[in-house]
Amino acid sequence: MKVHKMFHSIQGEGYHMGKSAFFIRFYGCNLRCSFCDTKLPETWKEMDLPEIMDVVAKQSCKHIVLTGGEPLIQSGIEDLIHALLVEDYFVQVETNGTCDYDASSRYVDSGDKNLWFTCSPKPDSGYKINPHLLFAIKELKYIVTQELELEHIENEEGLLVWLQPQAGWEYSIMKALRLIRECNRLRLGIQAHKFWDIE
Ligand code: SF4
């Protein structure tokens, strides 16, 4: 697996905002979004499962965030998720929702209560979500771009749905407020780590 960086910080977005979390940021993504704020330098370290688990075991934190880039393109990511769940970690996967990945096949019995997918569908993929991921998705996060309209938003009962304005773009916050007025179950999200000036 191509690991760009591992670090202990605070989750700055979504339902788990404010929690202590250990981030594993993987290198690479299958999409090329124009607004991507995680454009990474061409640096990564190839790490296998035991090496990653070794680093994780040295942390005090039990909330592990797998992020990127797109973590689900990494070969071996299913084994990593499984190994973390078996060790009773809470595993949060931040994904764009496009990868062909069957979350339901292995994790129902091994601790799905500890598995939380945060999915951020993107205009580059037509806002499509792989139906195999729906089992694990607990929250959706939509960046409020020029393209985004209500028809693009997955609106299933029980899902938390965040609208996240683009930092520094007034049209984006105004549009988010309009969409929330039109659909009351949407929530306004922020990237709190940017206010706190932490990674
Ligand atoms: S899906 Fe996320 S990481 Fe990938 S290019 Fe788009 S914004 Fe960047």
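**Entry 1: Phe22 and the β4 connections**

I looked up Phe22 and found that its bridge partner in β4 is Ile64. The model I am reading is predicted. The pairing of β2 with β4 is parallel and comprises 4 bridges. I then followed Ile64 to the neighbouring strand, where it stands opposite Val91 in β5. β4 and β5 run parallel and are joined by 4 bridges.

**Entry 2: β1 and its two partners**

I turned next to strand β1, residues 2-10, which is joined to β3 by 2 bridges in an antiparallel arrangement. Within this pair I noted Lys2 opposite Glu46 of β3. With strand β2 (residues 20-26), β1 pairs over 7 bridges, again in the antiparallel sense. Here Val3 stands opposite Phe26 in β2.

**Entry 3: β6 and β7**

I checked strand β6 (residues 115-119) against strand β7 (residues 137-144) and recorded a parallel pairing over 3 bridges. Thr118 faces Glu139 in β7 as its opposite residue.

**Entry 4: order of the sheet**

I assembled the strand order: 9 strands make up an open sheet that reads β3-β1-β2-β4-β5-β6-β7-β8-β9, with mixed pairing. Which strands stand at the edges? They are β3 and β9 (187-188); each has a single partner strand, so one side of each lacks a neighbour in the sheet.

**Entry 5: helices on the sheet**

I examined helix α2 (residues 77-86), which packs on the sheet and touches β4 (63-67), β5 (90-95) and β6. The direction of helix α2 makes about 155° with that of β5. Helix α4, residues 170-182, lies across β7, β8 (160-165) and β9. I recorded an angle of about 155° between helix α4 and β8.

**Entry 6: Lys45**

I located Lys45 in strand β3, which covers residues 45-46. Is Lys45 buried or exposed? Lys45 is exposed, because 12 other C-beta atoms lie within 10 Å, and a residue counts as exposed at 12 or fewer. I also took its separation from Cys29: the two residues are 16 apart along the chain, and their C-alpha atoms are separated by 16 Å.

**Entry 7: the ligand shell**

Which residues surround the ligand? I listed Cys29, Leu31, Arg32, Cys33, Cys36, Thr38, Gly68, Gly69, Glu70, Asn96 and Lys122. By character, this shell divides into 4 nonpolar, 4 polar and 3 charged residues.

**Entry 8: the chain as a whole**

I counted 5 helices and 9 strands in the chain. Read from the N terminus, the elements follow the order β-β-β-α-β-α-β-α-β-β-β-α-β-α. The chain has a radius of gyration of 16 Å, close to the 16 Å given by the globule rule for 199 residues, so the chain is as compact as a globular protein of that length. I noted that the C-alpha trace spans about 45 × 35 × 30 Å along its principal axes. Of the 199 residues, 31% count as buried. Finally, I looked up the contacts between residues at least 6 apart in sequence, and 66% of these join residues at least 24 apart.

Note on methods:
Residues numbered from 1 in each chain as written. Predicted model: local features only at pLDDT ≥ 70, side-chain atom pairs only at ≥ 80, totals over all residues. Near = placed C-beta within 6 Å. Nonpolar A, V, L, I, M, F, W, Y, C, P; charged D, E, K, R; others polar. Buried ≥ 20, exposed ≤ 12 C-beta atoms within 10 Å, placed from the backbone. Pairing = 2+ DSSP bridges. Contact = placed C-beta atoms within 7 Å. Axes fitted to C-alpha atoms, helices over the stretch in contact; angles between N-to-C directions. Rg over C-alpha atoms; globule rule 2.2 N^0.38 Å.
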